Amino acid sequence: MTQQDIWVYIDQHQGAAMSASWETLGAACELSTLLQAKVTALVFGVNSEFIAREALAYGASAAICCDDATLVDFRVEPFASLLASLVAARQPRAVIAPATARVRELIATAAIDAGTTVMADAIGLEVQGDAVQVTRPVYAGKLLCTVSGVGAQPLFITLRPRAFPKPAVQVAQFPDAIEHVQAVIAEDALRVKVTGYDTVAGQVSLTDASIIVSGGRGVGGPDGFAPVRELATVLGGAMGASRAAVDAGWVPYAHQVGQTGKTVAPDLYVACGISGAIQHQAGMRTSKIIVAINKDREAPIFSLAKYGVVGDLFEVLPALSTEMRKRLGR
Amino acid sequence: MHIVACVKQTPDSAALITVADGRVGWGDAAMVVNPWDEYAIEEAIRLKEKHGGRATAITMGPERARDALKSCIAMGCDGGVLVADAALAGSDARATARVLAAAIQKLGDVDVVIFGKQAIDGDSGIVPLAVARLLGWSPLSYVLQISALDAGARTIEVARLLEEGRQLCSAQLPVVISVVRDINEPRYPTFAGIRRAGTAQIPIWNLGDLGLDELQVGASAVTVAWQAVRAPASRAGAVEILAGDSVAATVSMLADRLQAEKLT
C-alpha cells in the first residue's frame with residue numbers, strides 16, 4: 001500500500017451501512033481522481049464482508065474488514081484502537097468518514113493516537129496544489145471556514161451527512177479486493193459495555209431524511225403534532241421540531257432541529273408554525289428547499305423559504321396531506 | 001466523588017456573527033457560558049448533590065473567561081480553575097485537549113469529567129473525546145441520562161443519543177462524558193450563589209503549572225489550521241407566497257411546486 005491511499009470509514013449499525021457512508025465514499029472517489037490516489041473502504045463490525053462488497057460496488061478499489069465479537073456494538077475503544085493501529089502500520093494519506101454521532105467519536109479518538117486532530121463536518125472538499133482544503137460551517141453555520149492539515153499525516157476528515165451526493169452503484173472493478181484483519185483489543189480489556197438499545201422501530205432518522213416536516217410553537221400542544229406527523233408520513237419523511245416545542249414537552253428532544261438540537265440538510269424542509277429564530281435556522285438553513293407555513297407573514301422563517309403559505313397550519317396541513325396522498329397514490 | 005465540568009466562554013447564541021478582514025466579530029454581544037456546557041455544569045452539580053464530594057469547573061481562555069467560571073460557581077460548583085497563558089492563543093482541538101487533560105491530572109482525584117456536546121463557535125465536538133484518549137479514560141458521548149452511579153463499585157450507567165435512538169452503556173470510572181441538552185434543566189444561580197461567586201478565589205494555572213511547554217500548545221502545535229473565514233452566500237431569491245382562492249387551491253399550488261421540484 002502506498003502513501004497515496006485514501007481511506008473511507010464506512011459507518012454501519014447492526015449490519016446495515018448508513019447512507020452517509022456512501023456519500024462519503026463518493027466524495028473520496030472524486031478526491032482520489034484529483035490526487036491520483038486509491039480509495040480503500042474500512043468496514044468494522046457485524047456483516048462487514050457484505051458491506052465491504054457494497055463499498056466495492058460504490059467505487060472503492062479495496063476494502064479492509066474486521067468482524068469480531070468486540071465490534072458487534074459500537075464503542076469508541078475497540079473501534080478507535082483498531083483504526084489507529086491500521087493507520088500507524090499503513091500510513092494512509094487521509095481518513096475520511098461520515099460525521100454521524102458514532103464516527104465523530106471514533107475519528108476524534110483515532111486522530112489523537114495519530115498525533116493530530118479532525119477537520120470535522122466538512123461540506124466542501126477541494127484540492128489546491130497538492131493540499132486538501134476542507135470547508136466547514138462554524139458558529140452554527142453563520143460562517144464558513146476553510147481549514148487544512150498542517151504537517152501531520154494522515155488527514156482525518158468527517159463529512160456532514162447529505163452535503164455530498166450519493167454515488168451510483170457500478171459493477172465493482174475489484175470485486176475480490178477484500179482483506180480481513182484482526183481486532184486489536186480483547187473484551188476483557190474493555191471498560192465500556194453496551195447493555196441495550198432503546199429505539200423506535202421504523203422511524204426515519206432526522207440526519208438521513210430527505211424530507212423533514214417540523215412543528216414549532218404554533219402547533220399549540222402535543223396533539224397539534226398529529227397533522228405534522230401525518231404529513232411527514234405521507235411524504236415518507238421524518239418529523240422535526242423547534243426548541244420551543246421540545247421545551248414545552250410536546251415532543252421528545254430527539255426531534256429537535258437547531259443549534260442545541262440536530263443539524264439537518266434535507267431536500268425538503270417544511271416548517272410549520274415555526275417563527276425561525278436564528279438558533280433554529282442554524283440547524284436547517286442548508287436544506288435544499290424550505291417551505292414555511294405560518295400565520296404570521298412577518299415571521300423570519302419566510303426570509304429563508306422558497307415557498308410560503310400564510311395561514312392556519314391546522315387547515316393547511318391536513319389539506320396538503322390529503323392532496324399529496326391522492327397525487328402519490330398513498 | 002470529584003466531578004469536573006469543562007466549560008468554554010463563547011459569544012451569545014443570538015449574536016450576529018460577522019467577518020471582516022478575515023477576523024470573526026460579534027459586535028457588542030455578551031460572552032456567555034457555551035449553552036451546551038450549562039447542561040454539563042448542572043449535571044456535575046446534581047452528581048455532587050446526590051453522591052457527595054465536590055464539583056469543580058475548568059476553563060481555558062483569556063482573563064475574561066473568569067466570568068464563565070463565576071457563572072458555574074453561582075449555579076453551585078464548589079470552585080473553578082482558569083487555565084490562561086499567552087502561549088495558548090491559536091490552540092486547536094488537540095492542544096486544547098492536552099491542556100485540559102493536564103489540568104484534570106493536576107487536580108488529581110477526579111472521577112467524572114463532564115463536557116457539553118460541543119461549543120457553539122468551533123462546533124466540532126472533538127475535545128471531550130480527545131481529553132478522554134489523552135487521559136486513557138473511557139469516553140461516553142451524547143449522554144442524555146445518567147441512570148446509575150455507584151461510587152463504591154466505581155461504575156456508571158448511561159443512555160447515549162445516537163442516530164437510531166438510545167444506546168445504553170455501563171462503564172468503569174473514571175470517565176469523560178459529553179452531554180446533550182435533554183439530560184436536565186439547568187438551574188438559575190441563587191442569590192447566595194452569586195455572592196459566593198463574587199468572592200470566590202479562582203486560581204490561574206499557566207503552562208508551567210501544568211508541566212507543558214510552549215511547543216505543545218498554541219499556534220506552534222497546530223495540526224488543523226483555519227485558513228479563511230467567510231459568510232455563507234445568502235439564500236437566493238425572495239419567498240413565493242402561495243395564496244389560492246381556498247385552502248384546497250393553495251395546497252394544490254404547493255403540491256404542484258413540490259412535484260415540479262421533484263421532491264416527492
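**How chain A and chain B meet**

Between chain B and chain A there are six salt bridges. They belong to a predicted model, in which a search over all chains finds 30 salt bridges in the whole structure.

The interface can be described in several ways. The size of an interface is often given as the accessible area lost when the parts come together. For chain B and chain A, about 7,600 Å² is buried between them, and 58% of that area lies on carbon and sulfur atoms. Counted by residues, 79 of chain B are in contact with 94 of chain A.

One salt bridge joins A:Arg102 to B:Glu164 through their side chains, with an N to O distance of 2.9 Å. A:Arg102 belongs to a helix of chain A, α4, which covers residues 101-113.

That helix also packs against chain B. Two packed helices are described by the angle between their axes and the distance between the axes. The partner of α4(A) is helix α4 of chain B, residues 127-135; the two axes come within 8 Å and cross at roughly 45 degrees. Angles under 35 degrees count as roughly parallel and 65 to 115 as roughly perpendicular, so at this angle α4(A) is oblique to α4(B). The crossing is right-handed. On the α4(A) side the contact is made by A:Glu105, A:Ala108, A:Thr109, A:Ile112 and A:Asp113, and on the α4(B) side by B:Leu129, B:Ala130, B:Arg133 and B:Leu134. By class, these residues are five nonpolar, one polar and three charged.

A second pair of helices crosses between the chains. Helix α8 of chain A (residues 313-328) and helix α7 of chain B (residues 247-260) have axes that come within 9 Å and cross at roughly 50 degrees. That angle makes α8(A) oblique to α7(B), and the crossing is right-handed. From α8(A), the residues in contact include A:Val316, A:Ala319, A:Leu320, A:Glu323 and A:Met324. From α7(B) they include B:Val247, B:Val251, B:Leu254, B:Ala255 and B:Gln259. In this contact there are nine nonpolar, two polar and four charged residues.

Salt bridges also occur inside a chain. The side chains of B:Asp121 and B:Lys8 form one, at 3.1 Å from N to O. This pair links distant parts of chain B, with the two positions 113 residues apart. B:Asp121 sits in the loop between β8 (112-116) and α4, while B:Lys8 sits in the loop between β1 (2-7) and β2 (9-11).

Terms used:
Residues are numbered from 1 along each chain as its sequence is written. Chains are lettered from A and ligands numbered from 1 in the order in which they are written. This is a predicted model: local features need pLDDT of at least 70, side-chain atom pairs count only at pLDDT 80 or more; totals for chains, interfaces and linings use all residues. Side-chain values use heavy atoms; hydrogens and water are left out. Axes are lines fitted to C-alpha atoms, for helices over the stretch in contact, and angles run from 0 to 180 degrees between N-to-C directions. Helices (H or I, at least four residues) and strands (E, at least two) are DSSP runs, numbered from the N terminus. Angles under 35 degrees count as roughly parallel, over 145 as roughly antiparallel, 65 to 115 as roughly perpendicular and the rest as oblique. A crossing is left-handed if the near helix is turned anticlockwise from the far one by less than a right angle, and right-handed if clockwise. Contact means heavy atoms within 4.5 Å. Ala, Val, Leu, Ile, Met, Phe, Trp, Tyr, Cys and Pro count as nonpolar, Asp, Glu, Lys and Arg as charged, and the others, Gly among them, as polar. Buried area is the accessible area (1.4 Å probe) that two parts lose on being put together, summed over both. A salt bridge is a side-chain nitrogen of Lys or Arg within 4 Å of a carboxyl oxygen of Asp or Glu.
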